[in-house]
Amino acid sequence: MTSSTSLSRRAAAELIGTAALLVVVIGSGIQAAALTADTGVALVANSLVTAIGLGLIITLFGPLSGAHLNPVVTLTSWWGRRAGGDGLGGREALVYTVAQTAGAIGGALLAEAMFGRAPGTFSTQVRDGGHLLVGEVVATAGLVLVIQGLGRIGRSKLIPAAVAAYIAAAIWFTSSGSFANPAGTIGRSFSDSFTGIAPQSLPGFVLAQLLGGILGLLLAALLYGSDGGAAKNAAAEAAGSIVPVAENRATGTAYETAS
(Lines give C-alpha, C1' and ligand atoms only; values in the text may rest on other atoms or scores of the structure.)
Protein backbone atom coordinates (compact mmCIF):
# COMPACT_ATOMS: atom_id res chain seq x y z
CA MET A 1 0.00 0.00 0.00
CA THR A 2 1.41 3.38 -0.96
CA SER A 3 0.19 6.84 -0.10
CA SER A 4 -0.98 7.26 -3.70
CA THR A 5 -3.83 4.79 -3.21
CA SER A 6 -7.04 6.81 -3.25
CA LEU A 7 -9.29 6.99 -0.22
CA SER A 8 -12.15 5.57 -2.27
CA ARG A 9 -10.13 2.46 -3.12
CA ARG A 10 -9.06 2.04 0.46
CA ALA A 11 -12.64 2.44 1.65
CA ALA A 12 -13.77 -0.16 -0.88
CA ALA A 13 -11.11 -2.55 0.43
CA GLU A 14 -12.32 -2.00 4.00
CA LEU A 15 -15.95 -2.54 3.00
CA ILE A 16 -15.28 -5.71 1.00
CA GLY A 17 -12.76 -7.06 3.49
CA THR A 18 -15.09 -6.57 6.45
CA ALA A 19 -17.98 -8.09 4.50
CA ALA A 20 -15.80 -11.12 3.73
CA LEU A 21 -14.88 -11.43 7.41
CA LEU A 22 -18.55 -11.49 8.44
CA VAL A 23 -19.34 -14.08 5.76
CA VAL A 24 -16.58 -16.25 7.22
CA VAL A 25 -17.64 -15.80 10.85
CA ILE A 26 -21.40 -16.15 10.36
CA GLY A 27 -21.27 -18.67 7.53
CA SER A 28 -18.99 -21.02 9.43
CA GLY A 29 -21.21 -20.67 12.50
CA ILE A 30 -24.35 -21.55 10.55
CA GLN A 31 -22.62 -24.50 8.88
CA ALA A 32 -21.17 -25.80 12.15
CA ALA A 33 -24.51 -25.58 13.96
CA ALA A 34 -26.21 -27.43 11.11
CA LEU A 35 -23.67 -30.27 11.13
CA THR A 36 -23.46 -30.94 14.88
CA ALA A 37 -25.54 -30.47 18.00
CA ASP A 38 -22.37 -30.38 20.10
CA THR A 39 -21.72 -26.70 20.93
CA GLY A 40 -18.06 -27.39 21.67
CA VAL A 41 -17.45 -29.00 18.29
CA ALA A 42 -19.30 -26.16 16.57
CA LEU A 43 -17.15 -23.59 18.38
CA VAL A 44 -13.94 -25.40 17.41
CA ALA A 45 -14.99 -25.31 13.77
CA ASN A 46 -16.08 -21.69 13.94
CA SER A 47 -12.90 -20.46 15.65
CA LEU A 48 -10.63 -22.40 13.30
CA VAL A 49 -12.36 -21.17 10.14
CA THR A 50 -12.46 -17.62 11.50
CA ALA A 51 -8.71 -17.65 12.12
CA ILE A 52 -7.89 -19.04 8.69
CA GLY A 53 -10.27 -16.66 6.92
CA LEU A 54 -9.04 -13.65 8.87
CA GLY A 55 -5.42 -14.38 8.04
CA LEU A 56 -6.21 -14.67 4.34
CA ILE A 57 -8.28 -11.47 4.32
CA ILE A 58 -5.51 -9.49 6.04
CA THR A 59 -2.96 -10.79 3.54
CA LEU A 60 -5.18 -9.90 0.58
CA PHE A 61 -6.43 -6.48 1.66
CA GLY A 62 -3.51 -5.30 3.80
CA PRO A 63 -1.58 -3.81 0.86
CA LEU A 64 -4.65 -1.79 -0.18
CA SER A 65 -6.04 -0.27 3.01
CA GLY A 66 -4.08 -1.77 5.88
CA ALA A 67 -6.91 -4.28 6.42
CA HIS A 68 -8.21 -2.67 9.59
CA LEU A 69 -11.68 -4.30 9.27
CA ASN A 70 -12.45 -2.92 12.72
CA PRO A 71 -13.29 0.61 13.96
CA VAL A 72 -11.23 0.10 17.11
CA VAL A 73 -8.16 -0.62 15.00
CA THR A 74 -8.93 2.42 12.87
CA LEU A 75 -9.24 4.60 15.97
CA THR A 76 -5.86 3.38 17.26
CA SER A 77 -4.40 4.38 13.90
CA TRP A 78 -6.02 7.83 14.17
CA TRP A 79 -4.65 8.19 17.69
CA GLY A 80 -1.20 7.14 16.51
CA ARG A 81 -1.19 10.02 14.06
CA ARG A 82 -2.32 12.47 16.76
CA ALA A 83 0.54 11.21 18.93
CA GLY A 84 3.06 12.10 16.24
CA GLY A 85 3.31 8.84 14.33
CA ASP A 86 1.81 7.65 11.08
CA GLY A 87 -1.84 6.79 10.75
CA LEU A 88 -5.18 8.03 9.51
CA GLY A 89 -6.54 11.56 9.60
CA GLY A 90 -9.96 12.24 11.08
CA ARG A 91 -11.79 12.21 7.73
CA GLU A 92 -10.09 8.99 6.67
CA ALA A 93 -10.92 7.32 9.99
CA LEU A 94 -14.58 8.29 9.60
CA VAL A 95 -14.72 6.92 6.06
CA TYR A 96 -13.05 3.69 7.15
CA THR A 97 -15.50 3.25 10.03
CA VAL A 98 -18.55 3.82 7.84
CA ALA A 99 -17.19 1.41 5.21
CA GLN A 100 -16.46 -1.26 7.84
CA THR A 101 -19.92 -1.00 9.35
CA ALA A 102 -21.66 -1.13 5.98
CA GLY A 103 -19.49 -4.06 4.96
CA ALA A 104 -20.25 -5.95 8.17
CA ILE A 105 -24.00 -5.58 7.68
CA GLY A 106 -23.72 -6.56 4.02
CA GLY A 107 -21.60 -9.59 4.87
CA ALA A 108 -24.11 -10.75 7.46
CA LEU A 109 -26.99 -10.46 5.00
CA LEU A 110 -25.00 -12.31 2.34
CA ALA A 111 -24.14 -15.15 4.74
CA GLU A 112 -27.80 -15.53 5.67
CA ALA A 113 -28.90 -15.58 2.03
CA MET A 114 -26.15 -18.04 1.09
CA PHE A 115 -27.58 -20.60 3.52
CA GLY A 116 -31.18 -20.10 2.41
CA ARG A 117 -32.16 -18.07 5.45
CA ALA A 118 -34.19 -14.85 5.40
CA PRO A 119 -31.72 -11.93 5.27
CA GLY A 120 -32.36 -9.11 7.70
CA THR A 121 -33.72 -11.17 10.59
CA PHE A 122 -32.33 -9.71 13.80
CA SER A 123 -30.63 -12.01 16.27
CA THR A 124 -32.57 -13.13 19.33
CA GLN A 125 -29.42 -14.21 21.17
CA VAL A 126 -29.23 -11.82 24.11
CA ARG A 127 -25.74 -11.47 25.50
CA ASP A 128 -25.92 -9.53 28.76
CA GLY A 129 -24.25 -9.52 32.12
CA GLY A 130 -21.25 -7.65 33.42
CA HIS A 131 -18.98 -10.68 33.07
CA LEU A 132 -19.52 -10.67 29.29
CA LEU A 133 -18.64 -7.00 29.07
CA VAL A 134 -15.46 -7.64 31.04
CA GLY A 135 -14.71 -10.36 28.50
CA GLU A 136 -15.10 -7.87 25.65
CA VAL A 137 -12.81 -5.35 27.33
CA VAL A 138 -10.16 -8.06 27.76
CA ALA A 139 -10.60 -9.40 24.21
CA THR A 140 -10.28 -5.98 22.59
CA ALA A 141 -7.43 -4.81 24.80
CA GLY A 142 -5.52 -7.98 23.97
CA LEU A 143 -6.08 -7.49 20.25
CA VAL A 144 -4.77 -3.92 20.35
CA LEU A 145 -1.82 -4.96 22.52
CA VAL A 146 -0.85 -7.73 20.07
CA ILE A 147 -0.84 -5.25 17.18
CA GLN A 148 0.86 -2.42 19.02
CA GLY A 149 3.35 -4.63 20.83
CA LEU A 150 4.60 -6.45 17.75
CA GLY A 151 4.83 -3.18 15.85
CA ARG A 152 6.84 -1.50 18.55
CA ILE A 153 9.38 -4.29 18.87
CA GLY A 154 9.92 -4.43 15.12
CA ARG A 155 8.00 -7.65 14.52
CA SER A 156 5.28 -6.24 12.25
CA LYS A 157 5.67 -9.13 9.80
CA LEU A 158 4.15 -11.41 12.42
CA ILE A 159 1.00 -9.35 12.93
CA PRO A 160 -1.29 -11.06 10.36
CA ALA A 161 -0.62 -14.55 11.74
CA ALA A 162 -0.57 -13.31 15.33
CA VAL A 163 -3.92 -11.53 15.02
CA ALA A 164 -5.54 -14.59 13.46
CA ALA A 165 -4.13 -16.83 16.20
CA TYR A 166 -5.14 -14.40 18.93
CA ILE A 167 -8.75 -14.19 17.72
CA ALA A 168 -9.01 -17.99 17.53
CA ALA A 169 -7.72 -18.26 21.11
CA ALA A 170 -9.80 -15.37 22.47
CA ILE A 171 -13.00 -16.93 21.15
CA TRP A 172 -12.29 -19.63 23.72
CA PHE A 173 -10.68 -17.86 26.66
CA THR A 174 -13.04 -14.87 26.96
CA SER A 175 -16.52 -15.11 28.45
CA SER A 176 -17.99 -13.04 25.58
CA GLY A 177 -16.60 -15.13 22.73
CA SER A 178 -14.35 -12.25 21.63
CA PHE A 179 -16.37 -10.08 19.27
CA ALA A 180 -13.72 -7.34 19.74
CA ASN A 181 -15.01 -5.35 16.76
CA PRO A 182 -17.83 -2.75 16.86
CA ALA A 183 -18.60 -3.06 13.14
CA GLY A 184 -18.57 -6.84 13.30
CA THR A 185 -20.79 -6.77 16.38
CA ILE A 186 -23.36 -4.62 14.59
CA GLY A 187 -23.21 -6.92 11.56
CA ARG A 188 -23.74 -10.01 13.69
CA SER A 189 -26.96 -8.55 15.08
CA PHE A 190 -28.42 -9.13 11.59
CA SER A 191 -28.00 -12.90 11.93
CA ASP A 192 -30.19 -14.99 14.22
CA SER A 193 -27.61 -17.75 14.33
CA PHE A 194 -24.88 -19.38 16.41
CA THR A 195 -22.68 -16.26 16.16
CA GLY A 196 -25.41 -13.61 16.45
CA ILE A 197 -26.06 -10.98 19.07
CA ALA A 198 -29.41 -9.36 19.85
CA PRO A 199 -29.66 -5.62 19.04
CA GLN A 200 -30.35 -4.75 22.68
CA SER A 201 -26.94 -6.16 23.60
CA LEU A 202 -25.08 -3.90 21.15
CA PRO A 203 -24.57 -0.76 23.29
CA GLY A 204 -22.84 -2.61 26.11
CA PHE A 205 -20.61 -4.63 23.79
CA VAL A 206 -19.57 -1.65 21.66
CA LEU A 207 -18.79 0.47 24.73
CA ALA A 208 -16.75 -2.38 26.21
CA GLN A 209 -14.82 -2.71 22.96
CA LEU A 210 -14.01 1.01 22.90
CA LEU A 211 -12.84 0.82 26.50
CA GLY A 212 -10.76 -2.22 25.62
CA GLY A 213 -9.13 -0.33 22.76
CA ILE A 214 -8.12 2.47 25.14
CA LEU A 215 -6.82 -0.05 27.66
CA GLY A 216 -4.80 -1.78 24.95
CA LEU A 217 -3.17 1.50 23.95
CA LEU A 218 -2.34 2.29 27.58
CA LEU A 219 -0.81 -1.15 28.10
CA ALA A 220 1.27 -0.80 24.95
CA ALA A 221 2.55 2.59 26.09
CA LEU A 222 3.33 1.21 29.56
CA LEU A 223 5.16 -1.84 28.26
CA TYR A 224 6.86 -0.51 25.13
CA GLY A 225 6.94 3.26 25.54
CA SER A 226 5.06 5.94 23.64
CA ASP A 227 7.74 7.57 21.50
CA GLY A 228 6.78 8.66 18.00
CA GLY A 229 8.96 6.10 16.25
CA ALA A 230 7.33 3.20 18.04
CA ALA A 231 3.89 4.57 17.33
CA LYS A 232 4.73 4.76 13.64
CA ASN A 233 5.67 1.11 13.52
CA ALA A 234 2.60 -0.02 15.44
CA ALA A 235 0.25 2.04 13.34
CA ALA A 236 1.78 1.16 10.02
CA GLU A 237 0.58 -2.32 8.98
CA ALA A 238 -0.48 -5.78 9.77
CA ALA A 239 0.44 -6.83 6.32
CA GLY A 240 4.04 -6.03 7.14
CA SER A 241 5.37 -9.10 5.37
CA ILE A 242 4.00 -7.65 2.14
CA VAL A 243 4.37 -3.90 2.54
CA PRO A 244 7.28 -2.13 4.21
CA VAL A 245 6.30 0.35 6.91
CA ALA A 246 7.77 3.23 4.95
CA GLU A 247 5.33 2.57 2.10
CA ASN A 248 2.23 2.38 4.26
CA ARG A 249 2.06 5.83 5.77
CA ALA A 250 -1.48 6.61 4.66
CA THR A 251 -3.20 3.54 6.05
CA GLY A 252 -2.00 3.31 9.59
CA THR A 253 -2.56 0.12 11.51
CA ALA A 254 -3.35 -2.89 9.40
CA TYR A 255 -5.54 -5.32 11.17
CA GLU A 256 -3.83 -4.75 12.41
CA THR A 257 -8.05 -6.38 12.41
CA ALA A 258 -11.04 -7.90 13.83
CA SER A 259 -13.00 -9.83 14.09
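Trainee: I'd like to start with the first pair of helices. At roughly what angle do the axes of H1 and H2 cross, and within what distance do they come?

Mentor: Here's the general idea: two packed helices are described by the angle between their axes and the distance between the axes. Keep in mind that we're looking at a predicted model. In it, the axes of H1 and H2 cross at roughly 170° and come within 9 Å. An angle over 145 degrees counts as roughly antiparallel, so H1 and H2 are roughly antiparallel to each other. The crossing itself is right-handed.

Trainee: How do the residues of the contact of H1 with H2 divide into nonpolar, polar and charged?

Mentor: That contact has 15 nonpolar, seven polar and three charged residues.

Trainee: Let me step back for a moment. How many helices and strands are there in the protein?

Mentor: You'll find nine helices and zero strands. Reading from the N terminus, the elements run α-α-α-α-α-α-α-α-α. As for burial, 54% of the 259 residues count as buried.

Trainee: Back to pairs, then. At what angle do H2 and H6 pack, and how far apart are their axes?

Mentor: Use the general recipe again: give an angle and a distance between the axes. Helix H2, residues 39–65, and helix H6, residues 159–173, pack at about 160° with their axes 8 Å apart. H2 and H6 are therefore roughly antiparallel to each other, and their crossing is right-handed.

Trainee: Which residues make that contact between H2 and H6?

Mentor: From H2, look for Gly40, Leu43, Val44, Ser47, Thr50, Ala51, Leu54, Gly55 and Ile58. From H6, the partners are Pro160, Val163, Ala164, Ile167, Ala168, Ile171 and Trp172. Sorted by class, the contact of H2 with H6 has twelve nonpolar, four polar and no charged residues.

Trainee: And what about H3 and H4: at roughly what angle do their axes cross?

Mentor: The axes of H3 (residues 71–82) and H4 (residues 90–114) cross at roughly 175° and come within 9 Å. H3 and H4 are therefore roughly antiparallel to each other too. H3 brings Pro71, Thr74, Trp78 and Arg81 to the contact, and H4 brings Gly90, Glu92, Ala93, Tyr96, Thr97 and Gln100. Here the classes come out as four nonpolar, four polar and two charged.

Trainee: Now the inside. Which residues of the largest nonpolar core touch the most other members?

Mentor: The core has 22 residues, and those touching the most other members are Leu21, Leu54, Leu143, Ile147, Val163, Tyr166 and Ile167. H1, H2, H5 and H6 each supply at least two residues of this core. H6 gives the largest share, six residues. To explore one member, pick Tyr166: setting aside neighbours within four places in sequence, Tyr166 is in contact with Val138, Ala139, Gly142, Leu143, Val146 and Phe173. There's also a second, separate core of eight residues, with Leu22, Ile30, Ala104 and Phe190 among them.

Trainee: Someone told me to check the backbone phi angles. What is the phi of Leu69, and where is Leu69 placed?

Mentor: As background, most residues other than glycine have a negative phi. Leu69 has a positive phi of about 60° although it is not a glycine. You'll find Leu69 in the loop between H2 and H3, and at 0% relative accessibility Leu69 counts as buried. Ala180 is another case, with a positive phi near 55°. Ala180 sits in the loop between H6 and H7 and is buried, with a relative accessible area of 0%.

Trainee: One more kind of reading: is Ala99 buried or exposed, and is Ala161 buried or exposed?

Mentor: The idea is to compare the relative accessible area with the cut-offs: under 20% is buried and over 50% is exposed. Ala99, in helix H4, has 8% and is therefore buried. Ala161, in helix H6, has 57% and is therefore exposed.

Trainee: Which residues does Ala99 touch?

Mentor: Not counting residues up to four places away in sequence, Ala99 touches Ala11, Glu14 and Leu15. The C-alpha atoms of Ala99 and Gly17 are separated by 9.7 Å, with their positions 82 residues apart along the chain. For Ala161, try Ile58: they are 103 residues apart in sequence and 9.1 Å apart in space, C-alpha to C-alpha.

Notes. Residues numbered from 1 in each chain as written. Predicted model: local features only at pLDDT ≥ 70, side-chain atom pairs only at ≥ 80, totals over all residues. Heavy atoms only, no water. Axes fitted to C-alpha atoms, helices over the stretch in contact; angles between N-to-C directions. Helix = DSSP H or I, 4+ residues; strand = E, 2+ residues; numbered from the N terminus. Parallel < 35°, antiparallel > 145°, perpendicular 65-115°, else oblique. Left-handed = near helix turned anticlockwise from the far one by under 90°. Contact = heavy atoms within 4.5 Å. Nonpolar A, V, L, I, M, F, W, Y, C, P; charged D, E, K, R; others polar. Core = buried A, V, L, I, M, F, W, Y, C linked by side-chain atoms within 4.5 Å. Buried < 20%, exposed > 50% of the residue type's maximum accessible area, 1.4 Å probe, protein only.
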